[in-house]
Amino acid sequence: LKLFLAPQCPRRVVFAGTESGSGCSWMCARVAEGLASQGRASVCVVDCNLRSPGLHQQFGIENHHGLSDALTGSGSVQEYVHRVSRNLGLVSCGSTAEVGVMMIGSDRMRSRLAELRSLFDYVLIDAAPMNACNDAIVLGGLSDGVVLMLKANFSRRETARKAIQDLQTANVLALGAVLNQRTFPIPEALYKRL
């Protein structure tokens, strides 16, 4: 949450793993809950991982009538927002993910994200892993930047470097990286001193 505490903090952030299994959806959901729990700002979390949606599971909501439907449907984007709590909304992947995949970089996507920006103080986007496709780069260009998710003892340094290089090449700001699922074993000798 530190990223969001500065006065000029980013308001539209993409979370993307360097590869699948990094815990990106989990982290995106927890950050959204943390921001919303402060009660001062409204937050919308959007499942843009149309290839392997999972954000809806983090909130126990069915994956229907979401982003892919908003991209092909009409009406306000508010019709596709599921209220999780008073100031937390979720736009799930939706029922027609295959169609949505082709629309990630479209004007319609740009328009729908702009609508969400006008309705919510923060828009957090869960994107597909960077080694699977360039969705995070495209979405990062429509946002304030990308937070990379790395899995401890799994993510390779070369993969992380390539992801950062790809973001830089596309002029997309890398806001930081999170090392997820890191364990900090404390030696027994230290326990005895406590």
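Okay, let's start with a bit of bookkeeping: the expected span of a helix is 1.5 Å times one less than its number of residues. Keep that in mind for the first helix. And a reminder before we go on: this is a predicted model.

So, helix α5, residues 107-119. It has 13 residues, so at 1.5 Å a residue it should span 18 Å, and its end C-alpha atoms sit 19 Å apart, which agrees. Now, which residues of α5 are buried? That would be Met109, Arg112, Leu113 and Leu116. And yes, there's an arginine in that list. Going around the axis, those four take up an arc of only 95°, so they are on the same side of α5. Flip to the other side of α5 and you find Asp107 and Ser118, both exposed.

Just ahead of α5 there's the loop that joins it to α4, which is 97-101, and Met102 is in that loop. Is Met102 buried or exposed? With a relative accessible area of 69%, Met102 counts as exposed, because the cut-off for that is over 50%. As for where that loop residue sits, the C-alpha of Met102 is 9.8 Å from the C-alpha of Ser68, and those two are 34 residues apart along the chain.

Next helix: α7, residues 157-169. Again we have 13 residues, and the distance from first C-alpha to last is 18 Å, close to the 18 Å expected. The buried residues here are Ala160, Ala163 and Leu167. Their arc around the axis is only 60°, so they too lie on the same side of their helix. The face of α7 turned away from that buried side has Arg157, Glu158, Arg161, Gln168 and Thr169, which are exposed.

Let me stay with Ala160 for a second. Its relative accessible area is 12%, and that is why we call it buried: the cut-off is under 20%. What I'd point you to on the screen is Thr18: its C-alpha is 6.1 Å from that of Ala160, although the two are 142 residues apart along the chain. And just after α7, have a look at Asn171, which takes a positive phi of about 60°.

Right, pockets. The largest pocket comes out at about 190 Å³. It is lined by 16 residues, and the closest to its centre are Ser20, Gly21, Cys24, Ser25 and Asn49. Which elements give two or more residues to that lining? Those are α1, 24-37, and β5, 122-127. By class, the lining breaks down as 9 polar, 5 nonpolar and 2 charged residues.

Since Cys24 came up at the pocket, let's finish with the cysteines. How many disulfides does the structure hold? The count is 0. Take Cys28: the nearest cysteine sulfur belongs to Cys24 and is 6.3 Å away, and Cys28 is in no disulfide. Cys28 is also buried, at 0% relative accessibility. Then there's Cys44, where the closest cysteine sulfur is in Cys48, at 9.7 Å, which is too far for a bond. To get a disulfide, the two sulfurs would have to be within 2.5 Å. Cys44 is buried as well, with a relative accessibility of 0%.

That's what I have. Happy to go back to any of the views.

Terms used
Residues numbered from 1 in each chain as written. Predicted model: local features only at pLDDT ≥ 70, side-chain atom pairs only at ≥ 80, totals over all residues. Heavy atoms only, no water. 1 Å grid on protein atoms, 1.4 Å probe; cavity = no way out; pocket = protein on both sides within 12 Å on 5 of 7 lines; lining within 4 Å. Points joined across faces, edges and corners; volume = space filled by probe spheres on them. Nonpolar A, V, L, I, M, F, W, Y, C, P; charged D, E, K, R; others polar. Buried < 20%, exposed > 50% of the residue type's maximum accessible area, 1.4 Å probe, protein only. Arc of directions from axis to C-beta.
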